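Work through the exercises below with the structure in view. Each task is followed by a solution in steps.

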Amino acid sequence: MFETAVYDTKPYDRQYLTAATDRIKWRFHEFRLSAETAVAAKGAQAVCVFVQDVADRPCLTTLSKLGVRLLALRCAGHNNVDLSAARALNLPVVRVPAYSPHAVAEHTVCLLLALSRKVHRAYNRVREHNFALHSLIGFEIHGKTVGVVGTGKIGRITAQIFRGFGANVVAYDPVPSRDWAAQHGVGYLDWDALLAQSDIISLHLPLLAETHHLLNAEAFVRMKRGVIILNTSRGKLIDTRALIAALKRGTVGGIALDVYEEEEGIFFEDLSDQVLLDDLLPRLLSFPNALVTAHQAFFTHEAMSEIARVTATNILKLESGEPWLAGTAL
Ligand code: NAD
């Protein structure tokens, strides 16, 4: 049977991958893929990884030498894979390009609503039988200007949900979807105008060399005072130190993050009985106007089922020598 080494496995990965097919022999590893752990793929024809596995050139070289014939990402983002090294090694890389853009879009809106109506604080307060309302005053999304940065699969759905709230939605994308925007009453702006006009800015773009620290000290000063920032895309899109400074000054009025710059080794783990060695995340968590979830935007039953189905199909295509599912190859 076709053997696949699965890295960075959690119980839910086992559950959904095992349910997806009985034609693949899954070999589950709890540790992450790196140049050091690549050797654990010995004997496997395919390797399956997630967002925190690091498939750099030395790692891919080891996999190739071991006879691994496919790297299957069980996620959409691929900034953790050296694609040019993979190409040079003739090692195909496949991913799950769109398992459920709705999962991420809905979580983005969920974070904004929780933050804007202070649900995270109200929940704790009511459990303590404190039914007072002071400092729980919220704001409405209706009538606000929401700047959507990146109008790909997730950004478009998020924008449409915000339109449903009666928000004025503006967008920035170097490759605009003009027909979609016209259909949904979304207006494209240039980058400076989006920063200057948005009450809420929501990031839905990939992490690339040119988008690293897209939101930095220089960008924060060009935003409306009190702007709310949502990031469910990639942590390194935001310079966390500059964000903390902006929160302290009040330039940024609130943040809701599902991703964090240094999340690797922290998110997806239960560290509740350990000392957190990272200094910036606890500082972020200390702000009353900050809401952080640990990269769970994708985590719905529908998305997990689709991730497992597409990953299994991608790997089984290798067995039959057929081309990959349309759009999954990188
Ligand atoms: P997509 O490829 O469909 O769309 C990305 C869009 O960003 C494209 O339209 C592209 O033109 C645009 N873009 C590229 N550079 C840009 C720039 N400099 N400024 C503005 N826009 C730019 O991607 P998607 O599926 O919509 O995913 C969006 C993001 O969500 C990715 O970063 C992905 O990694 C992240 N994501 C997060 C989770 C999670 O669980 N938190 C899950 C899935 C995806």
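**Exercise 1. A proline in a loop**

Task: Determine whether Pro92 is buried, partly exposed or exposed, and state which residues Pro92 contacts beyond its sequence neighbours.

Solution. This is a predicted model.
- Step 1: The relative accessible area of Pro92 is 27%. Buried means under 20% and exposed means over 50%, so Pro92 counts as partly exposed.
- Step 2: Pro92 sits in the loop that runs between helix H3 (83-88) and strand S5 (93-94).
- Step 3: With neighbours up to four places away set aside, the contacts of Pro92 are Arg69, Leu70, Leu71 and Trp324.
- Step 4: Along the sequence, 226 residues separate Pro92 from Leu318, yet their C-alpha atoms are 9.8 Å apart.

**Exercise 2. Two residues in strands**

Task: For Val169 and Asn231, find the strand that holds each residue and decide whether each is buried or exposed.

Solution.
- Step 1: Val169 belongs to strand S7 (residues 168-172), and Asn231 belongs to strand S10 (residues 227-231).
- Step 2: The relative accessible area of Val169 is 0%, so Val169 is buried.
- Step 3: For Asn231 the value is 1%, so Asn231 is buried.
- Step 4: Outside the four nearest places in sequence on either side, Val169 contacts Val146, Val148, Ala159, Phe162, Arg163, Gly185, Val186 and Gly187. One of these, Val146, falls in strand S6 (residues 145-149).
- Step 5: Counted in the same way, Asn231 touches Leu203, Leu237, Ile238, Ala256, Leu257, Asp258 and Val259. Among them, Leu203 is in strand S9 (200-203), and Ala256 and Leu257 are in strand S11 (252-257).
- Step 6: Val169 and Leu60 are 109 residues apart along the chain, and 42 Å lies between their C-alpha atoms.

**Exercise 3. Positive phi angles**

Task: Locate His213 and Phe268 and give the phi angle of each.

Solution.
- Step 1: His213 is in the loop joining strand S9 (200-203) to helix H9 (217-221). Its phi is near 55°, which is positive although the residue is not glycine.
- Step 2: Phe268 is in the loop joining strand S11 (252-257) to helix H11 (280-285). Phi of Phe268 is near 80°, again a positive value in a residue other than glycine.
- Step 3: Phe268 has a relative accessible area of 17%, which is under the 20% limit, so Phe268 is buried.

**Exercise 4. The whole chain**

Task: Describe the fold content, compactness and surface of the protein chain.

Solution.
- Step 1: The chain has twelve helices and twelve strands.
- Step 2: Its radius of gyration is 21 Å, and the globule rule gives 20 Å for 330 residues; the two are close, so the chain is as compact as a globular protein of that length.
- Step 3: Along the principal axes, the C-alpha atoms fill a box of roughly 60 × 50 × 35 Å.
- Step 4: Of the 330 residues, 50% are buried. The chain exposes about 15,400 Å², with 54% of that area from carbon and sulfur atoms.
- Step 5: There are 34 positive and 34 negative charges, and their mean positions lie 2 Å apart.

**Exercise 5. Confidence**

Task: Which elements have the lowest and highest confidence?

Solution.
- Step 1: The mean pLDDT of the chain is 96, and 100% of the residues score at least 70.
- Step 2: Confidence is lowest in helix H12 (residues 301-320), with a mean of 93, and highest in strand S6 (residues 145-149), at 99.

How values were computed: Residues are numbered from 1 along each chain as its sequence is written. This is a predicted model: local features need pLDDT of at least 70, side-chain atom pairs count only at pLDDT 80 or more; totals for chains, interfaces and linings use all residues. Side-chain values use heavy atoms; hydrogens and water are left out. pLDDT is the predictor's confidence in each residue, from 0 to 100. Helices (H or I, at least four residues) and strands (E, at least two) are DSSP runs, numbered from the N terminus. The radius of gyration is taken over C-alpha atoms; the globule rule is 2.2 Å times the number of residues to the power 0.38. Buried means under 20% relative accessible area, exposed over 50%, partly exposed in between (1.4 Å probe, protein chains only). Accessible areas come from the Shrake-Rupley method with a 1.4 Å probe; for residues, only the protein chains shown count as cover. Lys and Arg count as positive and Asp and Glu as negative; His and the chain ends are not counted. The place of a charge is taken as NZ of Lys, CZ of Arg, CG of Asp or CD of Glu. Contact means heavy atoms within 4.5 Å.
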